[in-house]
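Here is a set of questions and answers for a reader who has the coordinates open. Each answer works toward the value or name that was asked for.

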Amino acid sequence: MPETKQFMGMEGDGRNDTSLKANVVLQNRYKILGVIGGGGMGTVYQARDLMFTEAKRLVAIKEMQSAVTDANLRTTMLRNFQREANILATLSHPAIPKIFDFFDLSDRAYLVMEYINGRDLEVILSQTKELPIDKVIDWAIELCDVLDYLHSQTPNPIIFRDMKPSNVMIDALGRVRLIDFGIAKAFVRDDSGKGTMIGTEGYSAPEQYRGEAIPASDIFGLGATLHHILTRKDPRLEIPFSFHERPIPNFNPTVPSRMVSIIEKSLAKDIPDRFQTVPEIRTAFNELRSRPLSMPYATTGSSGQPQQSTNFFDDMTVNSDGDLGGLQPKWKFKTEDEIRVSPTVYRDMVLVGSYDTNMWALKLDSGEQVWKYATRGGIASSPTVDETNKNVVFGSEDFTVYALDVRSGRISWSFQTKDRIRSGARIAHDHVFFGSDDGKVYALNVLNGRMLWAFDAGAPVRSRPVVTEEIIIVPSATGEVYGLSLSGQRKWTYRTRGAVYSSPYFEPNEGSLFVGSSDGFMYAFDAHTGVSSWRFRTGAAVISSPTENKGLLYFGSADGYMYAVNAQTSREKWKFNAEKPIVGSPIVHKDAVYFGGTDEYFYCLDANTGKERWKYKTGGAITSAPTVSNDLILVGSLDHILYAFPLIN
Amino acid sequence: MSFFRRLFSNQADPKSPPTGRTAPLVDTPVNTPTPSVAAPSIPEVPIVDKPLRPTAELESRSVNGLGTGGLTDGVTRPLPQDALIDLTGNEHLAFGQATDIGMVRTNNQDSAFSFFSAARSAFERPDFGLFVVADGMGGHHDGEKASALAARAVGAYLMDKIGMSLLQGDERYNEVPITEAMSDAVLKANADVVQKVPDGGTTCTAVMVIGDMAYIAHVGDSRAYFVQREKVERLTRDHSLVERLIELEQLTREEAEDHPQKNVLYRALGQTDTIEVDTLTRRLPPRSRILICSDGLWNQVDDAKIRDVINLHPNPQEACSELVKLANNSGGLDNVTVILLQLPG
């Protein structure tokens, strides 16, 4: 287990070489046997109490030494220490070690207490691979018992303040013992202004850094301790208070979701969002223990399990009852084969291509058919509308690009390539740009379909090209991403390590380009130079095309997650598990992200948090991006159906 | 001396320390009072004729004397200020760099590295710059060793992977995304610090400029700012406990000012075998500036003052020197290091 190093600023900390040697006898009574550990503030020895000549009675002796040289301050600290030791001496609880004696000796203070034969949780963590969940729950409940005991002291509750794995011992009988009481606090060295230190305590509640310590602070510490031992991610090595960025199931899928909820609630940064008292959290843990662990617990997002008990789970918002809580599509339109690509809205019409070979034009408000146009191959190319010439442009697996009059569906022009077309077209600079499985990128005159140039990418081009004022970007199935001049000359090439089918996304303010690859990465480029600035690793191929909104980049991966990543830093903001590969592309509308999965669900998530708002089960996998228009969101599914959902807030 | 003459004459600026001899071990703290700024209008960068320049200019230096004396004395040796080639103008990036021990400390634990190349040739190559500030911590000279190692390791790694590739005209520089290479460089530096200075630690903020793109890698609380005439934007996030508490609205900026754990970092080089490196990409508009500095500056001088000084001094080297002066005049409680980049336009 990595230790967090502490840098004490200027000079050495002067606590070396001063520990007591074995066989030294203190107070004519305690014979030092050896060092058990070195706490932050001093040394802990194992000693034998010579008062009991017949029995070998072992004690632990904690030595407190202070590096503070100021005599007054020292006296004050010693007095505080003594006072706290006295308080502890009045405590009697099976999980609290008994205190036997307390004395000063040559500028050091000693505390003699019960010797606990056992290991602390930090040691246990380092010596095990996994801890049984029911055992952890038992420990949690025992810790609640002792915290409750401390918090119930009168006149003032005792706040432990320092809950962490190394302060929790499991004794030879398997019982929890809390060690290292806040006594040591008085001896904390004040390093302010002396120099920078690295490393944080990791387990303390935020308010403790404002000098507040209340029962809820110990609840936070308990949550932090449990989070550490369940995830095995040491919070001292992570961003402080970032537990929620390390969801327990990501590291330990065996933890029941109800237990995850209890721990997450106890780790809320704001006090009112936590359990307020130990009995509350203990009840939640007891509840957990009284049910068989294999029982499926209702979680946010999965289909609802009726809740019977009156515990805190009832307060938690269960976002979804599965099928959208009654929300139904405003209309559906069934084509004759799979809908693999995105619909496009043009004024009061929606255009969608189906693998049934037809381009369908429907009324946006009702889904009634306006016209259809049959090609000689399945349509796997999203349509694009040429606003100037009122044409809808798309490709077909019959190798042909079609431009149809958007109102009538009559053909304006067509252009034949040498293989199937699965790339969407981009219209810019009075030209149509698209790729074909014949390995070429074509630039056609948007008015008549006459070819201006073709660029040979050497492998199928299935993503919609990006065209800026200066450059055209097209990825290919070999994994290359090409930057072309407007005249079709190659300006730059970037090589990813897998085929690229994801359409690039261009962010004009920064001039950045984002594209996913089958090598599992999402890449960020400078669109003008092709210099790659970052890549983000997912667990499987990225076929889904990214989209950007308010500095966040959204994309799905075949690893089953929808990701939201900071576009400048590539830092993951959140990810959402859809269980099955996501190849469809997301869109963001207002503060929601919409996408479909191969799990047949159409999802709506909070764009900022990734929390599920609703989902709707279609009859087939969704492989394309939805489209938003006015008050509708449209998405096609492999169940042949185009769905139009009302947008709800 | 007029700005123009400073740019193109060989005559030393009378304010600069004498040149032509070994730099002093410890530079005298710059503690002349800042002249009170009464001029209401901010001078614009003068338009100058195109200076005579070689077709390629290479300029590199390291504050910590890594190239010459090694690390044995652990003492910062600032170069004379006018040893810089001043590239202020409207064609290429210009930069300044300054460091000082401050008014209180007995050693300078900061390190800095700057490299810039501008080329004009038939082979189209973007301008390339690499700038690093590292602020060391730890007793027994561990701090300055750690920061020196970090600045050197990051500089060397990135010059090798990217700088030389750009110069040689191969495609190697684009094999790995730039911020990933920068992150690798910082991890390499971390490994060096962990291995060679086990009791030391250091921050590290590195900025690479290729054309008008800035790529930033960062660990600790040395900062990079994006400075425009009206606004100052902090690009990096301090990896400090109090900054985190502020982010979570658990502490106010005022409370953080004199918090007992103000100096606690949760992430720094030398801490553990693996560290997370923050990276960031930014396109730089013409005439914008990037300021890289250790906490010796930002702890002493607020953002608005920093912006004012930078606006008042179109020459980035002068701006750097002024910022160091200002930090010292405000107490100079810590070592201070600044690098200022100014985009052409």
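Q: Leaving aside neighbours within four places in sequence, with which residues is B:Leu323 in contact?
A: This is a predicted model, in which local features need pLDDT of at least 70 and side-chain atom pairs count only at pLDDT 80 or more, while totals for chains, interfaces and linings use all residues. Residues are numbered from 1 along each chain as its sequence is written, and chains are lettered from A and ligands numbered from 1 in the order in which they are written. Two residues are in contact if their C-beta atoms, placed from the backbone, lie within 7 Å. Once neighbours within four places in sequence are left aside, the contacts of B:Leu323 are B:Leu297, B:Val301, B:Ile306, B:Val309 and B:Val338.

Q: Which helix of chain B gives the most residues to the largest nonpolar core?
A: A nonpolar core is a set of buried Ala, Val, Leu, Ile, Met, Phe, Trp, Tyr and Cys residues joined through C-beta atoms within 7 Å, where buried means that 20 or more other C-beta atoms lie within 10 Å of a residue's own, exposed that 12 or fewer do, and partly exposed that the count is in between, with C-beta atoms placed from the backbone. The largest such core has 196 residues, and B:Leu323 and B:Val338 are among those with the most contacts inside it. Helices (H or I, at least four residues) and strands (E, at least two) are DSSP runs, numbered from the N terminus. With 11 residues, the element of chain B that gives the most to this core is helix H2 (residues 142-168).

Q: How many residues of strand S37 (residues 592-596) of chain A are buried?
A: In a regular strand the side chains alternate between the two faces of the sheet. A:Ala592, A:Tyr594 and A:Gly596 point one way from S37(A), whereas A:Val593 and A:Phe595 point the other way, and all are buried. The strand is thus mostly covered, and the number of its five residues that are buried is five.

Q: Which residue of strand S38 (residues 601-606) of chain A is the bridge partner of A:Val593?
A: Two strands pair if DSSP finds at least two bridges between them, and S37(A) pairs with S38(A) in the antiparallel sense over five bridges. On its other pairing, S37(A) is joined by three bridges to the antiparallel strand S36 (residues 587-589) of chain A, where A:Ile587 stands opposite A:Tyr594. In S38(A), the partner of A:Val593 is A:Leu605.

Q: Which strand gives the most residues to the side of chain A that touches chain B?
A: Across the two chains, 40 residues of chain A are in contact with 36 residues of chain B. Strand S10 (197-198), strand S30 (521-526) and strand S31 (532-537) of chain A are the elements that give two or more residues to that side of chain A. With four residues, the strand that gives the most is S31(A).

Q: Is A:Arg161 buried, partly exposed or exposed?
A: A:Arg161 lies in the loop between H3 and S8 of chain A, and although it is not a glycine its phi is positive, at about 75°. Because A:Arg161 has 18 C-beta neighbours inside 10 Å, it counts as partly exposed.
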